[in-house]
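Hi,

Here is the structure I promised to pass on. Have a look at it first, and then read my notes below.

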Amino acid sequence: VTTDNSLTARRDRALGAGMPLFYREPLHLVRGEGAYLFDTDARRYVDLYNNVPCVGHGNARVAEAMSRQQSTLNVHSRYLHEGIVEFAERLAGMHGDQIESVVFACSGTEAIEVALQMARTATGNRGIIGTNATYHGNSNDVIGLTRAPHQPGTYPEIRSIPFPERLRPIACGLSDPELADAYLAELRSSIDSLKTSEAGFAAVIFCSILANEGLPDVPEGFMARTAEIVHNAGGLMIADEVQAGYGRTGQFWGYDVTGFQPDIVVTGKPMGNGLPLSATAASRDLVERFRATSGYFNTFASSPLQAAVGMAVLDEIEDRGLLASVTEIGANLKADLAKRLGNASWLGDVRGHGLFVGVEIVSDKDSLAPDKRRAIDIINHLKDLGFLTSNAGAHNNVVKIRPPLVFSSQDATDFLVAFDQTVADIGS
Ligand SMILES: Cc1ncc(COP(=O)(O)O)c(C=O)c1O
């Protein structure tokens with residue numbers, strides 16, 4: 001009989017051990033407000049990690065919209081409702097003309113599944129290409145894309161290409177255009193391989209800013225040329241904006257930063273500020289062909305509640321001018337971190353867009369060998385100082401800085417003090 005009644009032990013019993021927890025000493029949080037989180041001792045932490053509460057933890061306008069709609073009407077999608085139509089119109093209108101209609105779902109994974117099915121229905125082919133260090137979700141249909149390639153033959157409809165990057169390029173001594181060509185040659189060969197297989201070629205899916213890959217600096221023009229090659233090969237370009245979208249980069253969409261026009265756009269995480277809400281947007285033709293063949297229904301999706309909350313989130317982003325502040329605060333934060341690259345032998349690179357910055361931790365600047373262990377030390381140290389980050393990237397050695405969009409310039413200044421303290425404490 002176990003006598004350990006700590007919350008950790010109870011969690012293991014109630015939820016099954018093996019459910020990950022952040023930090024060596026896990027945090028027990030009880031409250032959030034704006035960009036701050038508070039633990040059981042009322043200690044304040046600056047949240048530099050969570051993108052779901054994009055307009056802030058405990059956002060009053062979102063909470064009010066949620067409560068008002070829930071106490072007025074919330075039903076499934078098989079009734080007429082103006083709110084949901086308005087929300088879909090508003091979302092579609094935020095893209096270029098090629099995007100006209102929306103399919104709502106509840107999670108990023110579901111919306112990615114819809115996107116894949118849409119592309120497969122439209123092209124009559126099944127083959128999908130992603131990068132070799134990506135994550136798009138956890139369902140059977142989507143998991144094959146995660147950190148592919150797997151054992152040969154496990155996912156015959158999936159191909160992966162090395163994600164494009166300048167830091168550790170696939171070939172050395174190339175100019176930027178040559179490097180783009182080298183990565184695009186990988187893309188072409190994957191398309192050819194699918195075309196000569198039973199699967200055929202349906203689509204490429206990329207996170208617009210390659211977030212899970214570690215926000216690499218991408219050779220100039222790579223994304224636009226990818227879209228062109230995909231279209232010439234009869235395929236569709238899917239932008240995963242689950243992390244990249246909703247103002248994260250300072251532009252509303254990540255594809256505006258990396259410079260391409262997708263055929264299908266998937267959004268999720270920040271859309272509902274915590275209410276499960278995701279979407280797949282595309283041309284009316286693509287959406288209607290998908291609807292005609294799938295009869296798609298998703299119990300909690302396309303509901304008045306999703307619409308009311310989704311509208312409140314968009315109103316907050318617009319009314320508070322968050323794109324401008326993300327651009328300014330993010331650019332300054334990235335520049336200030338980059339100035340510190342010389343302060344420690346293990347600071348390898350600083351990259352990112354808007355309020356999404358990655359600090360690459362390496363064993364030394366010559367080899368640039370990824371140092372995941374030190375990245376974890378840094379994250380734990382920052383947490384002890386009251387600043388919450390985590391590690392990510394292809395090698396899990398990138399300190400990931402991705403705060404709620406309401407993160408202020410004072411928060412950034414405070415973080416830099418903690419960062420300098422961490423460098424001093426860990427040693428250069
Ligand atoms: C880029 C990207 N796409 C899709 C997903 C899947 O979203 P969800 O966890 O809501 O299913 C994630 C989740 O981390 C993600 O980072």
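What follows is what I found in it, going from the whole chain down to a few single residues.

Before anything else, keep in mind that this is a predicted model.

**The chain as a whole**

The chain has 428 residues, and its radius of gyration is 22 Å; a compact globule of that length would come out near 22 Å, so the two agree. Measuring along the principal axes, the C-alpha trace covers about 60 × 60 × 55 Å. I count 13 helices and 15 strands in the secondary structure.

Of the 428 residues, 52% are buried. Among contacts with a separation of 6 or more, 72% join residues 24 or more positions apart. As for the outside, the accessible surface is about 18400 Å², and carbon and sulfur atoms supply 50% of that. The chain carries 37 positive and 51 negative charges, and the mean positions of the two sets lie 4 Å apart.

**The cores**

As background, nonpolar side chains tend to be buried together in soluble globular proteins. Here the largest nonpolar core has 91 residues, and the ones with the most contacts inside it are Phe 87, Phe 104, Tyr 246 and Leu 337. Helix H10, residues 304–319, gives the most to this core, with eight residues. Another core lies apart from it and has 24 residues, including Ile 112, Ala 115, Ile 158 and Val 287.

**Tyr 246**

This is the residue I would look at in the viewer. Where does Tyr 246 lie? It is in the loop between strand S8 (236–240) and helix H8 (254–258). Its relative accessibility is 1%, and because buried means under 20%, Tyr 246 counts as buried. Not counting residues up to four places away in sequence, Tyr 246 touches Phe 87, Leu 91, Phe 252, Trp 253, Thr 267, Pro 270, Met 271, Val 313, Leu 314, Ile 317 and Leu 405.

The backbone is worth a look too. Most residues other than glycine have a negative phi. Tyr 246, though, has a positive phi, near 65 degrees.

**Two serines in loops**

Ser 302 also has a positive phi, in this case near 60 degrees. You will find Ser 302 in the loop between helix H9 (284–294) and H10. Its relative accessibility is 18%, so Ser 302 still counts as buried.

Ser 283 sits in the loop between strand S10 (278–282) and H9. With a relative accessible area of 17%, Ser 283 is buried. Which residues is Ser 283 in contact with, leaving aside its neighbours within four places in sequence? They are Gln 98, Ile 99, Glu 100 and Asp 263.

**Thr 226**

Last on my list is Thr 226, which is part of helix H7 (residues 222–232). Is Thr 226 buried or exposed? Its relative accessible area is 0%, so Thr 226 is buried. Leaving aside neighbours within four places in sequence, Thr 226 is in contact with Leu 184, Leu 187, Val 204, Phe 206 and Met 237. Thr 226 and Phe 260 are 34 residues apart in sequence, while their C-alpha atoms are 8.6 Å apart in space.

That is everything from my side.

Cheers

Key
Residues are numbered from 1 along each chain as its sequence is written. This is a predicted model: local features need pLDDT of at least 70, side-chain atom pairs count only at pLDDT 80 or more; totals for chains, interfaces and linings use all residues. Side-chain values use heavy atoms; hydrogens and water are left out. Helices (H or I, at least four residues) and strands (E, at least two) are DSSP runs, numbered from the N terminus. The radius of gyration is taken over C-alpha atoms; the globule rule is 2.2 Å times the number of residues to the power 0.38. Buried means under 20% relative accessible area, exposed over 50%, partly exposed in between (1.4 Å probe, protein chains only). Contact means heavy atoms within 4.5 Å. Accessible areas come from the Shrake-Rupley method with a 1.4 Å probe; for residues, only the protein chains shown count as cover. Lys and Arg count as positive and Asp and Glu as negative; His and the chain ends are not counted. The place of a charge is taken as NZ of Lys, CZ of Arg, CG of Asp or CD of Glu. A nonpolar core is a set of buried Ala, Val, Leu, Ile, Met, Phe, Trp, Tyr and Cys residues joined through side-chain atoms within 4.5 Å.
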